[in-house]
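Hi everyone, thanks for coming. I'd like to walk you through one model today, so please have a look at the screen.

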Protein chains: 2
Amino acid sequence: MSNVKVLPLLESETVAPCCPPLTERPLTAEEAERTALMFKALGDPVRLRLFSAVASHEGGEACVCDISDVGVSQPTVSHHLKKLKEAGLLSSERRGTWVYYRVEPAVLAAMGQLLTRAAAA
Amino acid sequence: MSNVKVLPLLESETVAPCCPPLTERPLTAEEAERTALMFKALGDPVRLRLFSAVASHEGGEACVCDISDVGVSQPTVSHHLKKLKEAGLLSSERRGTWVYYRVEPAVLAAMGQLLTRAAAA
């Protein structure tokens, strides 16, 4: 019996990327609420370092056990990775003792386009 | 006599974009500090709406006098625009009574690439 649980491709709690490029029109209040959550998640230096640690880790995924050099305790690392997941930027999968986190490429691509299309205009 | 002051192309107080794509390697503490400031600036719903209002305004610039529909007072609008400028996302130019804000395309493009290259990996 395997304890590996394959995640569905789209989890219902994932914050979906939204909104036109920022140059197209002012965001509505609702769009801004959703999108700000994602930027806010990356707006903390420790969280940003952890995010880049996961994104650049071998195989594009990492567990708390792989991350030890950001100068915060393991519970703090877990807390921040959970926050990044809640913001829709990471997905997670439990394998045995550890939860493995992985970057959500679609969400990041949507955030990137929001900015780069704004920059191109 | 004109009261239009042309800004230098790069202001010394501008937060310069930095860092490789997030998939390349974990950010250093210093890189994360700098970059998190920019994400944090967009991590507030009101600020994000104001930013898109400036970015999508005719001519790519706007003053407080152009923005009236985000449901906050003019002093609050001014405060948030100043924060966006401090984060390097907007530049400003005083013309007569008003300060006009404009999107910093290079900074946004750098932020976008940080994310989209991370997404592509």
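In what order do the three strands of the open sheet in chain A lie? Keep in mind as we go that this is a predicted model. The order is β1-β3-β2, and the strands pair in the antiparallel sense. That leaves β1, residues 61-63, and β2 of chain A as the edge strands, since each of them pairs on one side only. If you compare neighbouring strands, ignoring direction, they are turned against each other by 30° on average.

Let's take the pairings one by one. Between β1(A) and β3(A) there are three bridges, again antiparallel. Find A:Cys63 on your screen: A:Tyr100 in β3(A) is its bridge partner. Helix α2(A) packs on this sheet and touches β1, β2 and β3 of chain A. The direction of α2(A) makes about 90° with that of β3(A).

Now the other pairing. β2(A), residues 90-95, and β3(A), residues 98-103, run antiparallel and are joined by six bridges. Here A:Leu90 stands opposite A:Val103. Two residues lie between the strands of this hairpin, and A:Gly96 takes a positive phi near 65° there.

So much for the sheet; on to the second chain. How many degrees of rotation does it take to superpose chain A on chain B? The answer is 180°, with 0.0 Å of shift along the axis and an RMSD of 0.0 Å. Such a relation is that of a two-fold axis. Looking for a landmark in chain A? The C-alpha nearest the axis belongs to A:Gly112, at 2.0 Å from it. Both copies use the same surface, with 100% of the contact residues of chain A recurring in chain B.

One last stop, and we meet α2(A) again. This helix, residues 45-55, and α1(B), residues 29-41, have axes that come within 8 Å and cross at roughly 110°. The two helices are therefore roughly perpendicular, and their crossing is right-handed. Who meets whom? On the α2(A) side we have A:Pro45, A:Leu48 and A:Arg49. Facing them in α1(B) are B:Ala29, B:Ala32, B:Glu33, B:Thr35, B:Ala36 and B:Phe39. Sorted by character, the residues of this contact are six nonpolar, one polar and two charged.

To recap, α2(A) packs on the sheet of chain A and also meets α1(B). Thanks for listening, everyone!

Definitions and conventions
Residues are numbered from 1 along each chain as its sequence is written. Chains are lettered from A and ligands numbered from 1 in the order in which they are written. This is a predicted model: local features need pLDDT of at least 70, side-chain atom pairs count only at pLDDT 80 or more; totals for chains, interfaces and linings use all residues. Side-chain values use heavy atoms; hydrogens and water are left out. Axes are lines fitted to C-alpha atoms, for helices over the stretch in contact, and angles run from 0 to 180 degrees between N-to-C directions. Helices (H or I, at least four residues) and strands (E, at least two) are DSSP runs, numbered from the N terminus. Angles under 35 degrees count as roughly parallel, over 145 as roughly antiparallel, 65 to 115 as roughly perpendicular and the rest as oblique. A crossing is left-handed if the near helix is turned anticlockwise from the far one by less than a right angle, and right-handed if clockwise. Contact means heavy atoms within 4.5 Å. Ala, Val, Leu, Ile, Met, Phe, Trp, Tyr, Cys and Pro count as nonpolar, Asp, Glu, Lys and Arg as charged, and the others, Gly among them, as polar. Two strands pair if DSSP finds at least two bridges between them. Copies are superposed by least squares on the C-alpha atoms of residues with pLDDT of at least 70 in both.
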